[in-house]
Amino acid sequence: MRQAQPAILALFGATGDLAKRKLIPALYDLHRKGALPRPFLILGLGRKPVSDADFAAQAGAALARFGAGGEELRDVEPFTRLFRYQQLDPADSQAYAALAERMATLWEESRMETRNALFYLALPPSLYAPTADGLHAVGLADQSDGWRRMIVEKPFGEDLASGVALNRNLLERFEERQIYRIDHYLGKETVQNILALRFANAIFEPVWNRSHISHLEVTAAETIGVEDRGGYFDGAGILRDMVQNHLLQVLATVTMEPPVAFDAAAVRNETAKVLQSLRPITAENIHEHVVRGQYLSANVRGDDLAAYRDEGGVAPESRTETFVAIRAHIDNWRWGGIPIYIRSGKRLPTRVTEVAVHFRQPPHQFFQRADGAAPGANRLIIRIQPDEGILVEFGLKTPAAGFQIQNVGMDFHYSDLGESPIPSAYERLLLDGLLGDATLFARSDAVEWGWRFVQPILDAWATDPEIPLYGYPAGTWGPPETKTLFKEGGEFRYPCRNLTTDGGYCAL
Ligand code: BG6
């Protein structure tokens with residue numbers, strides 16, 4: 001395992017939800033694996049007055065609640081000894097001098113020869129630029145006595161203009177190579193494995209194009225509603241929350257050209273290129289390309305689920321979409337002319353994220369299924385979560401006289417690779433941040449290309465009240481109108497929770 005250099009992780013928003021649920025457990029997993037640098041300190045920053053000891057105790061409590069993925073906690077005490085705390089209001093520009101002083105003391109006390117620091121901004125987006133300003137003003141962006149990096153959480157802007165402005169503001173204070181924009185989907189093992197599947201093998205690439213593939217589907221379905229995030233979500237909607245970032249990044253890994261090397265510059269060049277090739281959807285053709293929906297109340301498996309508009313923090317007349325389906329096109333040599341379907345929603349029947357690659361029918365088909373229909377086309381399903389794995393579907397002869405074809409599947413499950421659980425996305429990304437590897441972080445141009453794609457859709461929705469917002473009962477696959485996006489026939493897949501029961505009896 002590569003070893004990161006000694007550093008301080010300065011965690012803004014240290015007493016918040018993200019820190020407790022994801023970051024502290026991920027750091028603990030790294031600690032347990034011996035992957036954290038030595039020496040290493042975690043300096044919590046927040047507005048609340050908390051002592052070092054109390055913060056360490058809070059970290060221990062967060063671990064007990066959210067850590068270790070059900071495994072037994074051990075070695076917690078040496079881990080919580082890494083914690084320090086400093087009261088700081090990130091909006092107060094005067095507060096950063098004290099932070100610089102505290103960090104200087106900690107670097108010295110812990111005998112870190114180079115003054116490395118990773119700043120993690122688990123903060124509301126409105127505070128990203130003031131925090132970058134504050135750090136810069138007291139010399140903490142300067143790399144002359146150690147590396148200084150900044151991890152920024154999503155959402156990265158609320159629209160194209162604010163995304164561009166945010167990039168500009170941060171780039172006035174930090175260089176692009178110091179800024180790590182987290183998209184936790186890129187930290188998922190199975191998303192990275194799309195690159196391995198494509199570029200570590202010779203059999204897929206020759207057919208990975210418009211000549212052999214009829215269409216692609218990218219789905220991220222969730223069973224949960226907006227939970228306690230109604231206030232945030234009502235101002236965002238699923239297009240901003242899931243598509244602009246996570247799903248476009250997944251799509252880019254599936255569709256990018258082979259990078260010249262596996263490093264941050266080469267991989268992210270290809271990501272930016274393919275996102276740049278997304279054909280803009282216009283106010284004139286939005287009806288043929290986008291269907292949006294909002295969940296209604298329903299009784300799902302015995303539970304009475306509230307309508308979106310009755311969720312806490314949501315406006316009673318809200319027109320925010322909780323479901324979106326898009327027919328997109330990538331205008332380049334590899335993908336020109338074939339549709340790419342993207343779908344995401346809350347309160348759908350099952351939680352599943354996957355990419356489905358649909359191959360073309362053979363040029364001449366003389367076999368049939370038992371019911372007389374043509375055999376199904378080959379499909380490759382890349383299951384990102386849950387039941388992480390890969391399924392290839394093809395037709396084979398049913399054992400009997402004659403030549404009747406049935407669809408069969410060949411599947412691989414990541415769980416077969418070993419006992420150890422798949423590392424969390426945050427674990428991977430925190431370590432990469434400490435190592436200075438930005439390959440799995442979004443670069444400013446990719447973020448902006450993502451906004452350029454979704455902005456015309458947001459504009460059309462904002463200005464044209466005639467564009468329908470369909471209601472769909474919670475626990476269903478969104479509005480049936482999504483079928484209209486499939487002009488050549490067909491429809492979205494209805495995936496099951498388990499990859500291999502796909503197509504048969506479906507566990508939800
Ligand atoms: C977050 C979104 O970025 O991703 C949430 O804000 C969503 O709305 C979540 O639920 C999904 O992440 P995962 O890892 O559970 O698929």
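# Exercises on a predicted model

The second largest pocket has a lining of 24 residues, and those nearest its centre are G376, A377, R379, E393 and N407. The model used in these exercises is predicted.

## Exercise 1. The second largest pocket

Task: state the volume of the second largest pocket and find which element gives the largest share of its lining.

Solution.
Step 1. The volume of the second largest pocket is about 530 Å³.
Step 2. At least two lining residues come from each of β13, β15 (389–397) and β16 (405–413).
Step 3. With four residues, β16 supplies the largest share of the lining.

## Exercise 2. A residue of strand β13

Task: decide whether T353 is buried or exposed, and list what T353 is in contact with beyond its neighbours within four places in sequence.

Solution.
Step 1. Strand β13 holds T353.
Step 2. The relative accessibility of T353 is 2%, and buried means under 20%, so T353 counts as buried.
Step 3. Setting aside neighbours within four places in sequence, T353 has contacts with Y185, T219, A220, I382, R383, I384 and Q385.

## Exercise 3. The cavities

Task: count the cavities of 30 Å³ or more, then describe the lining of the largest cavity.

Solution.
Step 1. There are three cavities of 30 Å³ or more.
Step 2. The largest cavity holds about 140 Å³ of space.
Step 3. Its lining has 16 residues, with D183, Q244, N245, A442 and V447 the closest to the centre.
Step 4. Two or more lining residues come from each of α9 and α13 (444–463).
Step 5. Helix α9 gives the most to this lining, with four residues.

## Exercise 4. First group of annotated positions

Task: find which residue of the UniProt "binding site" annotation covering G13 to K20, R47 and K154 is included in the lining of the largest cavity, then place G16 and D17.

Solution.
Step 1. In an unreviewed entry, UniProt gives the annotation "binding site" to G13, A14, T15, G16, D17, L18, A19, K20, R47 and K154.
Step 2. Among these residues, K154 is included in the lining of the largest cavity.
Step 3. G16 sits in the loop between β1 (7–12) and α1 (17–32), while D17 belongs to helix α1.
Step 4. G16 has a relative accessibility of 26% and so counts as partly exposed.
Step 5. D17 has a relative accessibility of 47% and also counts as partly exposed.

## Exercise 5. Two annotated lysines

Task: place K188 and K346, and decide for K188 and K346 whether each is buried or exposed.

Solution.
Step 1. The unreviewed UniProt entry also lists H184, K188, E222, D241 and K346 under "binding site".
Step 2. K188 is in the loop between β6 (179–181) and α7 (189–199), and K346 is in the loop between β12 (340–345) and β13 (352–359).
Step 3. K188 counts as buried because its relative accessibility is 14%.
Step 4. K346 counts as buried because its relative accessibility is 3%.
Step 5. Apart from neighbours within four places in sequence, K188 is in contact with I384, Q385 and A425.
Step 6. Under the exclusion of residues up to four places away in sequence, K346 touches E222, I224, G225, R229, F233, I238, D241, Y295, T322 and Y472.
Step 7. E222 and D241, both contacts of K346, appear with K346 in the UniProt list.

## Exercise 6. The largest nonpolar core

Task: explain why the largest nonpolar core is said to lie between domain 1 and domain 2.

Solution.
Step 1. The largest nonpolar core contains 147 residues, and F12, F79, L99, M103, Y120 and I326 have the most contacts inside it.
Step 2. Helix α9 (residues 238–255) contributes the largest share of the core, 10 residues.
Step 3. Domain 1 (7–182) and domain 2 (189–485) both supply residues, so this core lies between them.
Step 4. For Y120, contacts beyond four places in sequence include F12, I182, Y426 and L430.

## Exercise 7. Strand β3 and helix α13

Task: place Q86 and P456, and find how far the C-alpha atom of P456 is from that of L160.

Solution.
Step 1. Q86 is in strand β3 (residues 83–87), and P456 is in helix α13.
Step 2. Q86 counts as buried at 13% relative accessibility, whereas P456 is partly exposed at 22%.
Step 3. Not counting residues up to four places away in sequence, Q86 touches L43, G44, L45, G46, A98, L99 and R102.
Step 4. P456 and L160 are 296 residues apart along the chain, and their C-alpha atoms are separated by 9.7 Å.

How values were computed. Residues numbered from 1 in each chain as written. Predicted model: local features only at pLDDT ≥ 70, side-chain atom pairs only at ≥ 80, totals over all residues. Heavy atoms only, no water. UniProt positions renumbered as here; feature names shortened; annotations may be inferred. 1 Å grid on protein atoms, 1.4 Å probe; cavity = no way out; pocket = protein on both sides within 12 Å on 5 of 7 lines; lining within 4 Å. Buried < 20%, exposed > 50% of the residue type's maximum accessible area, 1.4 Å probe, protein only. Contact = heavy atoms within 4.5 Å. Core = buried A, V, L, I, M, F, W, Y, C linked by side-chain atoms within 4.5 Å. Domains from an automatic or database assignment. Points joined across faces, edges and corners; volume = space filled by probe spheres on them.
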